[in-house]
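Biologist: I should like to learn how a structure of this kind is read. Could you guide me through it, beginning with the whole and ending with single residues?

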Amino acid sequence: MRIFLDTANIDEIRQAARLGVVSGVTTNPSLVAKEKKADMKAVIQEISSIVDGPISAEVLSLEPEAMIREARNVSSWSPNVVVKIPMSAAGLEAISVLSREGIRTNLTLCFSVNQAILGAVAGATYVSSFVGRLDDIGHDGMQLVAEIVEIFDKYKDRLKTQVIAASIRHPLHVTAAAKAGAHIATIPYSVLMQMVKHPLTDIGISRFADDWRRISKA
Ligand code: G3P
């Protein structure tokens, strides 16, 4: 499973990129707005200069023609941009046109197996299955990821769409996404840092240092 970072915060992206475990970044309008930056193009281009991998940038248009126009423009911002398209009939229409043009897309706001099937058949490069938001309303978000992975696997010779476990809220979600066979988990920086940490590791490091200090002073 690959790890993408789910943020538009440049400092977080720089720090996480140094760890060598991040192979892409996903953003959405809310994440960019959180950084108080209104120039989405500048943000995406800066992210693209830091991470050499797919960078998802979302369109805001809702009608197919406008979506397609906006997506073509967004994809011109950098060679590694993937255009995030929200699930809808218009979104599917846009994905089918864009995929024929060789523009990579990420179907976002996917909350059902059927939405994922439609996205894959339309030619989406990725489908983003939102785990946390389903959990929030009492559904099993990771079960949906597992079902999508199982179905896509049956048709892997023809459907190349990859499953992104998105809306990840805590480290257990990442473990579960890996067990479910998600191709990618896109995770907030805070969750990545939680994955690094274990109290026994910290205790172990300080015990090694103490023991060595004692013997080296003897
Ligand atoms: O990748 C989608 C993600 O940003 C949504 O996360 O926590 O807003 O549900 P969340």
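**Reading the model step by step**

Modeller: Of the 218 residues of the protein, 45% count as buried. Please keep in mind that this is a predicted model.

Biologist: How many helices and strands are there in the protein?

Modeller: The protein has 11 helices and eight strands. Along the principal axes, its C-alpha atoms fill a box of roughly 75 × 40 × 35 Å.

Biologist: Where does the ligand sit?

Modeller: The ligand is found in the largest pocket.

Biologist: Which residues are around the ligand?

Modeller: A shell is read by listing the residues and then sorting them by character. Here the residues around the ligand are Asp6, Asn28, Leu31, Lys84, Phe130, Arg133, Ala166, Ser167, Arg169 and Thr186. This shell divides into four charged, three polar and three nonpolar residues.

Biologist: Which side chains have an N or O atom at a short listed distance from an oxygen atom of the ligand?

Modeller: A polar contact is a pair of N or O atoms within 3.5 Å. An N or O atom in the side chain of Arg133 is 2.7 Å from an oxygen atom of the ligand. For the side chain of Arg169 the corresponding distance is 2.9 Å, and for that of Asn28 it is 3.1 Å. Taken alone, the ligand exposes 310 Å², of which the protein buries 81%.

Biologist: Let us turn to one residue of the shell. Is Ser167 buried or exposed?

Modeller: The general idea is a cut-off: buried means under 20% relative accessible area. Ser167 has a relative accessible area of 9%, so this residue is buried. Ser167 lies in the loop between β7 (162-166) and α9 (171-180).

Biologist: With which side chain does the side chain of Ser167 make a polar contact?

Modeller: The partner is the side chain of Arg169, at 3.4 Å. Arg169 is also one of the residues around the ligand.

Biologist: May we apply the reading to another loop? Where does Asn80 lie?

Modeller: Asn80 belongs to the loop between α4 (64-75) and β4 (81-86). Its relative accessible area is 12%, and therefore Asn80 counts as buried.

Biologist: What separates the C-alpha atoms of Asn80 and Ala16 in space, and how many residues apart are they along the chain?

Modeller: Position along the chain and position in space are read separately. Asn80 and Ala16 are 64 residues apart along the chain, and their C-alpha atoms are separated by 18 Å.

Notes
Residues are numbered from 1 along each chain as its sequence is written. This is a predicted model: local features need pLDDT of at least 70, side-chain atom pairs count only at pLDDT 80 or more; totals for chains, interfaces and linings use all residues. Side-chain values use heavy atoms; hydrogens and water are left out. A residue is near a molecule or strand if one of its heavy atoms lies within 4 Å of it. A polar contact is a pair of N or O atoms within 3.5 Å; within protein, one must be able to donate a hydrogen and the other to accept it, and residues adjacent in sequence count only if both atoms are side-chain atoms. Accessible areas come from the Shrake-Rupley method with a 1.4 Å probe; for residues, only the protein chains shown count as cover. On a 1 Å grid over the protein atoms alone, a cavity is a set of points where a 1.4 Å probe fits but cannot get out, and a pocket is an open set with protein on both sides within 12 Å along at least five of seven lines; lining residues have an atom within 4 Å of a point. A molecule sits in a cavity or pocket if more than half of its atoms lie within 2 Å of its grid points. Ala, Val, Leu, Ile, Met, Phe, Trp, Tyr, Cys and Pro count as nonpolar, Asp, Glu, Lys and Arg as charged, and the others, Gly among them, as polar. Helices (H or I, at least four residues) and strands (E, at least two) are DSSP runs, numbered from the N terminus. Buried means under 20% relative accessible area, exposed over 50%, partly exposed in between (1.4 Å probe, protein chains only).
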